[in-house]
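User: I have a model open and would like to talk through how the chain is put together. Could you take me through it?

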Amino acid sequence: MGPMSPTARTPRFTVGFDLDLTLVDSRPGIRAAYETLAAATGAAIDIDLALTRIGPPLEQELAHWFPADRVAEAAALYVAAYPEHGIVPSPALPGAREAVAAVRELGGQAVVVTAKNARNARLHLDHLRIEPDVLVGSLWAEGKAVALREHGADVYVGDHVGDVRGARAAGALSVGVTTGPCTGDELRTAGADVVLAGLTDFPEWLRGYLAAGEPVAEARA
């Protein structure tokens, strides 16, 4: 589904979601893509270690395994291989579809903002029938604030301390989920306002948040 038509409706609020390990358990697909990359290049990649560091941009991880002058080439090979190897093995995380649907059912706009490139992110969403109003790719940590501010995000949900930083930079309420590499304590220490075990708890939390008449997030000093 493409971006919402501006004349379709006026959302009461906007919730942003990260993609990898927030909406999608992309670890099987990322593993498969790394295996393909290692076979194509002969690089010795510790894939198990790489899977513990999902979140930051791909190039940041590849810099551990390739010389600086080969990182861009390796990233291009990985991204090109990802549609064939990375999409089908990667399931939705429990509650992902329901969380995005709840935002829209309650009159809000759902925005996915991810470090993954938009093409491959879209393939995940379409394959798993997760239907946000807007998708923005290739943004990380504080860089996510650009898209979150553009789309007026009141809340941003993510699994990584980088997502917390992005939410805070955008003046959005940060909701952390412990489905990725960061513990609840790590997310709280980074500044998460709310920490949930996963997205199965999100619709109930959102209904309570709206019913309580909580103010939308305000820019933090």
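Analyst: Before we start, a contact here means heavy atoms within 4.5 Å, and please keep in mind that this is a predicted model.

User: Good, then which residues does L199 touch, leaving aside its neighbours within four places in sequence?

Analyst: With those neighbours set aside, L199 is in contact with F17, T22, L23, P94, G95, A96, A99, V157 and V177. L199 is also among the residues with the most contacts inside the largest nonpolar core, along with F17, L23, V157, F202 and W205.

User: How many residues does that largest core have?

Analyst: The largest nonpolar core has 29 residues, and at least two of them come from each of β1 (14-17), α5 (96-105), β2 (109-113), α6 (118-128), β4, β5, β6 and α10 (202-211). Apart from this core lies another one, of 21 residues, with V71, A74, A75 and Y82 among them. In soluble globular proteins, nonpolar side chains tend to be buried together.

User: Switching to the sheet, what is the strand order?

Analyst: The 6 strands are arranged as β3-β2-β1-β4-β5-β6 in an open sheet, and their pairing is parallel. Because β3 (134-136) and β6 (194-196) stand at the edges with a single partner strand each, one side of each is left without a neighbour in the sheet. On average, and ignoring direction, neighbouring strands are turned by 20 degrees against each other.

User: And over how many bridges do β4 and β5 pair?

Analyst: Strand β4 (residues 155-158) and strand β5 (residues 173-177) pair over 4 bridges in the parallel sense, and the partner in β5 that bridges to G158 is G176.

User: What about T14, buried or exposed?

Analyst: T14, which is found in strand β1, is buried, with a relative accessible area of 5%. Leaving aside its neighbours within four places in sequence, T14 is in contact with Q109, V111, H151, G152, A153, D154 and V155.

User: Zooming out, what is the radius of gyration of the protein chain?

Analyst: The protein chain has a radius of gyration of 17 Å, which agrees with the value near 17 Å that a compact globule of 221 residues would have. Along its principal axes, the C-alpha trace spans about 55 × 35 × 30 Å, and the chain contains 10 helices and 6 strands.

User: How much of the protein chain counts as buried?

Analyst: Of its 221 residues, 51% count as buried, while the accessible surface comes to about 9,700 Å², with 54% of that belonging to carbon and sulfur atoms. Among contacts with a separation of 6 or more, 63% are between residues 24 or more positions apart.

How values were computed
Residues numbered from 1 in each chain as written. Predicted model: local features only at pLDDT ≥ 70, side-chain atom pairs only at ≥ 80, totals over all residues. Heavy atoms only, no water. Pairing = 2+ DSSP bridges. Helix = DSSP H or I, 4+ residues; strand = E, 2+ residues; numbered from the N terminus. Axes fitted to C-alpha atoms, helices over the stretch in contact; angles between N-to-C directions. Core = buried A, V, L, I, M, F, W, Y, C linked by side-chain atoms within 4.5 Å. Buried < 20%, exposed > 50% of the residue type's maximum accessible area, 1.4 Å probe, protein only. Rg over C-alpha atoms; globule rule 2.2 N^0.38 Å. Areas by Shrake-Rupley, 256 points an atom, 1.4 Å probe, with all protein chains shown as cover.
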